[in-house]
Structures are given as structure tokens and as C-alpha cells.
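The exercises below are meant to be worked through with the sequence and the structure side by side. Please try each task before reading its solution.

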Amino acid sequence: MLQTFARLITLEGGEGAGKSTVLDALRAELEGQGHEVVCTREPGGTPLAERIRSLLLDPAHEPPSPQAELLLMFASRAQHVRETVLPALARGAWVLCDRFTDSSYAYQGGGRGLDDAFIATLEREVVGIRPGLTLLLDVPVEEGRARAGGREQAADRIERERDEFFERARATFLARAAAEPDRFRIVDARRDARSVADAACALLRQYQAG
């Protein structure tokens, strides 16, 4: 059974969707309300989890099999949840996380073709928690990748995948959002960065109002 934490908010979406800009805006919104805010990311979020991130994403490393990639993602996530996320939630902070378990369903499930049931087992047994709110920043793959093209030299191993991989991931994100409308809010990320950030903050305020 997954425990839902109302103060855990996750940002999901494909490449070039603008998650970093939205995360900064949400942090400013919450801090302006007087809350403690912890901003973090996946894979990563602790020293050990960041080392796993390097193993996963550095194109200089040997490419992991899809199964190894998934298990490394969950190893990083298990450490992150226990060392960063749960302690912050326990003291009453809001946690904003750039990617969470939905990304494993999208990238390793939809993108790599791994079994959703296996991912769900790992989510339940290894992670044990889910966000109260997930903002899905949706942008067409071609447009998002064009935005991200300026950082192509620094692209990590997953960012170098083909468009077909990201189309499958996007379809999975949208399917999950349709299946869980109480948790997900879709943000049209085709707009300018300020408009996207404003829309995300408005959704946060609606969420807080219940």
C-alpha cells in the first residue's frame, strides 16, 4: 500500500518541458507563504543517489540493460526517499521533486518496454510513498527536444535517445495522468516560460485550497 503525502509535489514531463523554471516558481510561491521548502531531484537527492545518477546518465559509462537501469533508478530513489524526502515531510516541509516514480513508468516502462507490474511492485516495496500532487508539463517531443538542443554537447545518455523513445514516454505520462486525475494536473508547456510557471502556481494554490 502506497502512502500519499500531501506536501510532496512532483514535476514530470519530457525533455525541454521547463521543469526547472516551474520548480523555482513553486518554491518562491511556497516560501512566500512562509513554508519551509526542500527542492530535490531524481535520480539523485543524496550523495549516494547522485553517484548512482552518474552511473546511470554519464554516456562514458557502459550502457546498462533496461533491467539494470530500472533497478539503479529504484536504488537511487530508495536512498533519496529515506534520507531526504521522508525527513523533510516529517518536520512539516513541502518537498518539490524534479521527477519521481512516474518517470520510471514513462522511461523504463513506456520507453524501454519493461513490465508495469514489476515497476509497481518496486514502487510499493522499495519506495512506499506517492505525491499528493503531480504536475505534468506536457510539450510535443519535437518541440521539447528543439528547446533542449542548446545543451546537446552536455546531453546525458537518456537525453540522447531517439524521438520514438520519447514519444512512448510522453504517451505513458499522459495515460497515467488520465488514469489518476485526482493526483495529476497537466500543464500546457508549449507556452512561454512565465505563462507555464504562472499556470503551475495557480494549480498549486487550487490544490492547497482543497
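**Exercise 1. Where does Cys97 lie, and which residues is Cys97 in contact with beyond its neighbours within four places in sequence?**

Begin with the secondary structure: in this predicted model, Cys97 belongs to strand β3. Next, consider accessibility, where the cut-off for buried is under 20% relative accessible area; Cys97 has a value of 0% and is therefore buried. Then list the contacts, leaving aside the neighbours within four places in sequence: these are Ile9, Thr10 and Leu11, then Thr40, Arg41 and Glu42, and finally His80. As a last step, compare sequence with space for one further pair, since Cys97 and Val22 are separated by 75 residues along the chain, while their C-alpha atoms are 11 Å apart.

**Exercise 2. Work out how helix α4 is oriented relative to helix α5, and which residues make the contact.**

Take the axes first: those of α4 (residues 101-111) and α5 (residues 116-127) come within 10 Å of each other and cross at roughly 155 degrees. Because angles over 145 degrees count as roughly antiparallel, α4 is roughly antiparallel to α5. The handedness comes next, and the crossing of α4 past α5 is right-handed. On the α4 side the contact is made by Thr101, Ser104, Tyr105, Gln108 and Gly109, and on the α5 side by Asp116, Ile119, Ala120, Glu123 and Val127. Sorted by character, the residues of this contact comprise four nonpolar, four polar and two charged.

**Exercise 3. Repeat the analysis for helix α3 and α4, then describe the surroundings of Gln108.**

The axes of α3 (residues 66-90) and α4 come within 11 Å and cross at roughly 175 degrees, and the two helices are therefore roughly antiparallel to each other. From α3, the residues Glu69, Leu70, Met73, Phe74 and Arg77 meet Thr101, Ser104 and Gln108 of α4. The residues of this contact divide into three nonpolar, three polar and two charged.

Now turn to Gln108, a residue of α4 that takes part in the contact with α3 as well as in the contact with α5. With a relative accessibility of 1%, Gln108 counts as buried. When residues up to four places away in sequence are not counted, Gln108 touches Glu69, Leu70, Met73, Ser103, Gly113, Leu114, Ile119 and Ile158.

**Exercise 4. Describe helix α8, asking which of its residues are buried and which elements they pack against.**

Start with the dimensions: α8 (residues 193-209) has 17 residues and spans 25 Å from its first C-alpha to its last, close to the expected 24 Å. The buried residues of α8 are Val196, Ala197, Ala199, Ala200, Cys201, Leu203 and Leu204. These buried residues pack against the strands β1 (3-13), β3 (94-98), β4 (129-138) and β5 (184-188), and also against helix α1 (19-32). After α8 comes Gly210, which has a positive phi, near 85 degrees.

**Exercise 5. Is Arg191 buried, partly exposed or exposed, and what does Arg191 contact?**

Locate the residue first: Arg191 is in the loop between β5 and α8. Its relative accessible area is 37%, so Arg191 is partly exposed. Leaving aside neighbours within four places in sequence, the contacts of Arg191 are with Arg147, Val196 and Ala199, and both Val196 and Ala199 are among the buried residues of α8. To finish, compare Arg191 with Ser104: the two are 87 residues apart in sequence and 26 Å apart in space, C-alpha to C-alpha.

Conventions: Residues are numbered from 1 along each chain as its sequence is written. This is a predicted model: local features need pLDDT of at least 70, side-chain atom pairs count only at pLDDT 80 or more; totals for chains, interfaces and linings use all residues. Side-chain values use heavy atoms; hydrogens and water are left out. The expected span of a helix is 1.5 Å times one less than its number of residues. Buried means under 20% relative accessible area, exposed over 50%, partly exposed in between (1.4 Å probe, protein chains only). Contact means heavy atoms within 4.5 Å. Axes are lines fitted to C-alpha atoms, for helices over the stretch in contact, and angles run from 0 to 180 degrees between N-to-C directions. Angles under 35 degrees count as roughly parallel, over 145 as roughly antiparallel, 65 to 115 as roughly perpendicular and the rest as oblique. A crossing is left-handed if the near helix is turned anticlockwise from the far one by less than a right angle, and right-handed if clockwise. Ala, Val, Leu, Ile, Met, Phe, Trp, Tyr, Cys and Pro count as nonpolar, Asp, Glu, Lys and Arg as charged, and the others, Gly among them, as polar.
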